[in-house]
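Thank you all for coming. I would like to walk you through one model, piece by piece, and I will try to go slowly enough that everyone can follow along.

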Amino acid sequence: MNKNELHIYLLGTPEVLLEGETVTGFISDKTRGLLYYLAATGELHTRQSLASLFWGDMPEAQALKNLRQALYNLQQMLAPHLDVTRQTVRLLTGDVCQVDVAALVAALADPAPDALEEAAQLYRGDFLTGFSVADAPEFEQWQTRQGEHLRRQLVDALRTASADLDKATRLTYLRHLVRLEPWAEESQRQLMEVLARQGEYAQALIQYERLAAALNTELGIAPQPHSQRLRERIQRARQRPRTPLPPLPFALLGREEEAQRLSDWLAADSSHAPRLITLLGPGGIGKTHLALATAHSQRHAFLDGVWWVALLATSTAEEVALALARVLGLPITGQATPRQQLLRHIAGWNALLVLDNSEHLVNDDFADLIVAILESAPEVRILLTSRKRLNLRREQLLPLEGLADTGAVERLFVARAQQMQPDFVPTAEDSAAIRRIGALLDGTPLGLELAAGLTDRYDCATVAHNLAANWDSLASSLRDVPPRQRSLRAVFDYSWHLLEETEQRLLSLLTVFVDGFSQEAAEALVDGLGIVPSAALHSLVSHSLLRFDPQQARYAMHDLVRQFARERLEADPQRQRQAEETHSLYFAQFLHSRDEMIQQGHPPTMAAVNGEMGNIQAMWRRVCDSRQVLLVAQALQPLGFFCDGVARYVEGKGLYAYALARLDTGAESGPLPLQKTVCSLLGAYANMLDRLGEYSEALTVCGRAVEIARRIGYAQAVGVGLLFLGRIESDRGGFAQSEAYLRQAVDFCVENGLSDTQARASFRLGEALFHQGHLDEAWACYEMAQRLFQTEQDRRGLFFVALAMGEWKLEQGEVAAAQDAYTRGLTIARSSGQAHLQAAVHRGLAHSLARSGRPAEAESLLLAGLALLADMPPGLPFFGLVLPLAVLYSRAGQAEKAESLLHWVGAKASAIDTPRHQIPVLLAFAQLFGQTQLEKAAALVRLIVDEPASTWAQRRQARAGLTGKTGVGPGLWASPSQALADLIDENIARRGESLVQALCSQEAYSCPAGVTDLYQSIGLL
């Protein structure tokens, strides 16, 4: 520290340091104010002006006298830094006297990139925070103006700069802005959006809470609707499970210019910026690689994410909609088409959808789907890769040609060669040969990759020579083939002839796989052929004919390589037939061997099946086309349990409809195995229809299955069919008819010794009776089911009986007995290791605790149940706990918490689109509205009471909740507010399809602020 070095800090709490020590000894606040004024202005001032500024209410002589005393005090402490004459006063600033305000002004005037950050760091707080001078109104006015001026200068500079900066710097500047003006909603919204786009959803939502607190403190108002909507969008984005992007296999080389153009288009906010971009070019030109690199580079640029959808396994626009929904984690249920549901779900999204390999889909239906997505979701961008354009007016094309730059060609070739030979360093001769190879291959990236795979056997000059010879041969024999495809075929043929015979056979056989394959599947394909898959696969990878993803432990083949290798397989029809039969047998057994684990919903097993769905669907269509009844029968049940377990009902419906269209014709006069399989297919098809809410058709189809089963004496199918008929009737609210079918099922199973099906039918019959209020008969059925499940050692059945018995005991007011039943269920659930079963018991136990007047313990149990589901995506088990938690808060008078959770769970229920799942949400809304909004509560009660799918207990709760707690009788049912009445009347006809969604929409229902901690505590953030 230099002698007499003075530092004056006026931004924030003022402080004066001389030689590093705080200066004290000021005789008055006006003396301190005088120093701050001289420091902040840095100008020469007359004594008269200073006296008037601080002592303007006194006679001039007295004011000047007071000024002299103040100056004497300052000179005693800071004499070297003051220039005081008989007429003027100033502070000598410079190297030995530094003032933060002067530094701030200088930094704001400096165009250097780091100057603005320096200015923001200098601004420790508002000018002279906490300092004031009594009886000096002119100084007070100056202090206020100066503070506002400095803050405004910095705020304006930060806003101007943050509009055109990289994301990291923009985030820094926005943080500075909201520190300066925490109540400024535009800056806060920008910061929230930047944080959310980077995946920091929790921080973005915490920022909203800070905004709400600042507005309430400073202005006594709530955030604007625009800010509230952004908060809700971020909440939804946070709750959405993310499908990871495929890994980028290697760096993008030679496409830097195209990558920058894509980045510029996607970053543009103008209404004229392209929203549909097609990477156009022939096979092997690098479209997929450029699209994948773009997806990775943009992964934090969109609030709702960047999503990769491979379209090779799709053949129709409806299948594309399903593939999109699957990747986006959207439930496709109910009677609306997948396209309709997809469009409804993504409306309002800000996302990038990358659709890879779409050329085989270029038709009017696919184009209509793309247009519909863009129109329903104005902030969604679509990036296509295709060999054909869509010919849409809004389509922005980016045609890709071969790499023209020889430097880029060499970099790409060397990078691929070094993947096989890390020590590969090209000589001058090699470089010349690589340039020749690039010219022969017209700079096609796939061709260069394949050629580079040859360098572990031959030098570059030999590769170039042999490629040229092969190309000349193809050029003379394939004159009708475009030159680029000839060049790719030349390098493929060259690579093919360098393979061992077993490697050639393996590569051609592997073309039967769809969407990749595991080593286990490859081993099954070549079993008995004398091929060692591990060594051969490694060799094919080293030749760049296969690609290996270590994260997924799966192999994949470029589509063009697959096309060339497929020709080799098709040249030998017998080998092709054997390969396809082996593929079908393997994947039918793949499903069959996992049947029990699929039924239990075992997560790793479900993930494994999901990863092979492309191959499974190919197998299914093949065995149906060839009427291989035994393989269809082998795969039928586990395929149904998988589709049921992951809510892929539309796909299941399509697969079973496909099978029936090929096997049902003439089945009645066919062999018995065929008739049995058709009977089972009809039952499985009816199950999918039931899940989708298509109850009438489900009953018809299931009824036909029972007729066929009776005619051929297929007792097991008769029992299961009657059980299904009962379940379908129950699902649509026909509890009396459900009871009738289930009684038939029980009697039939007793007559035919079908104890396992009898157990399930008895349990379902108990549910149907319970829903009608026939409690004694229901209990007898539960006891019968329990005995049968014990005999069958069916622990899963015993679990559900325990839950049902617990619910029955609660309805009877036997809380202790209910808890005993739930505890039995918990023991079974824990032994199974399945978190969602344990969580279901937590719900029942919490209900019993709430009924016994122990709400705090009930809340703890529900939160513990949610913790068990922490690794699962939000679904039925998850909101099955959130809903009773909301009801618990509602009954405790914690309306804000209850409303927030109902908003979340209601959005989930509206997506499921079936009355059985929506009625509990409507009931919870009615209970909440019953405290303050009686007309709404009464209207919802009317809907619940009139809804056929409402159970006896739900109707009783609805009536009791309204008349028992609010004292409002049925007279209000007929006169709710007109808007809500119209909404309810419409939805009675549509079976509640969208009422929950309407109640939870931004227009009809706003989620309150201040619930971030709650959301975090239960895993919604």
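Let us begin with Leu-507, which, once its neighbours within four places in sequence are left aside, is in contact with Phe-492, Trp-496, Leu-499, Leu-540, Leu-545, Leu-546, Met-557 and Ala-565. I should say at once that this is a predicted model, so please keep that in mind throughout. Leu-507 belongs to the largest nonpolar core, which has 222 residues, and it is listed with Leu-355, Ile-373, Ile-382, Leu-510 and Trp-620 as the members that touch the most others. There is also a second, separate core, made of 70 residues, and among them you will find Ile-8, Tyr-36, Cys-97 and Val-178.

Now please look at strand 11, residues 379–386, where seven of the eight residues are buried, and the strand is therefore described as mostly covered, with buried meaning under 20% relative accessible area. On the one hand, strand 11 runs parallel to strand 8, residues 276–280, and five bridges join the two, with Thr-278 standing opposite Leu-384. On the other hand, strand 11 also pairs with strand 10 in the parallel sense, over six bridges, and here Val-354 has Leu-383 as its bridge partner.

Let me turn to two individual residues. Is Lys-287, with its 6% relative accessibility, buried or exposed? Lys-287 counts as buried, because its 6% is under the 20% cut-off. Lys-287 is found in helix 12, residues 287–297, and, leaving aside neighbours within four places in sequence, Lys-287 is in contact with Leu-279, Leu-280, Gly-281, Pro-282, Thr-385, Ser-386, Arg-387 and Leu-400. If you follow the chain for 111 residues from Lys-287 you arrive at Leu-398, and yet the C-alpha atoms of these two are separated by 9.8 Å.

The second residue is Asn-357, which sits in the loop between strand 10, residues 350–356, and helix 15, residues 364–376. Asn-357 also counts as buried, since its relative accessibility is 15% and the limit is 20%. Its side chain makes a polar contact, at 3.2 Å, with the side chain of Asp-356, and, not counting residues up to four places away in sequence, Asn-357 touches Thr-288, Leu-311, Leu-312 and Thr-385.

Next comes a sheet of another kind, an open one, in which three strands follow the order 4-6-5 with antiparallel pairing. Strand 4, residues 45–46, and strand 5, residues 82–84, are the edge strands, each of them pairing on one side only. Strand 4 and strand 6, residues 88–91, are joined in the antiparallel sense over two bridges, and Thr-46 stands opposite Thr-88 in strand 6. Helix 3, residues 60–78, packs on this sheet by touching strand 5 and strand 6, and its direction makes about 140° with that of strand 5.

Finally, consider helix 39, residues 835–851, and ask what span its 17 residues should have at 1.5 Å a residue. The expected value is 24 Å, and because the end C-alpha atoms are 25 Å apart, the two figures agree. The buried residues of helix 39 include Leu-837, Val-841, Leu-845 and Leu-849, and also polar ones such as Gln-838, His-842 and Ser-848. Following helix 39 you come to Gly-853, whose phi is positive, near 75°.

Technical notes
Residues numbered from 1 in each chain as written. Predicted model: local features only at pLDDT ≥ 70, side-chain atom pairs only at ≥ 80, totals over all residues. Heavy atoms only, no water. Helix = DSSP H or I, 4+ residues; strand = E, 2+ residues; numbered from the N terminus. Buried < 20%, exposed > 50% of the residue type's maximum accessible area, 1.4 Å probe, protein only. Contact = heavy atoms within 4.5 Å. Polar contact = N/O pair within 3.5 Å; in protein donor to acceptor, adjacent residues only side chain to side chain. Core = buried A, V, L, I, M, F, W, Y, C linked by side-chain atoms within 4.5 Å. Pairing = 2+ DSSP bridges. Axes fitted to C-alpha atoms, helices over the stretch in contact; angles between N-to-C directions. Expected span 1.5 Å × (residues − 1).
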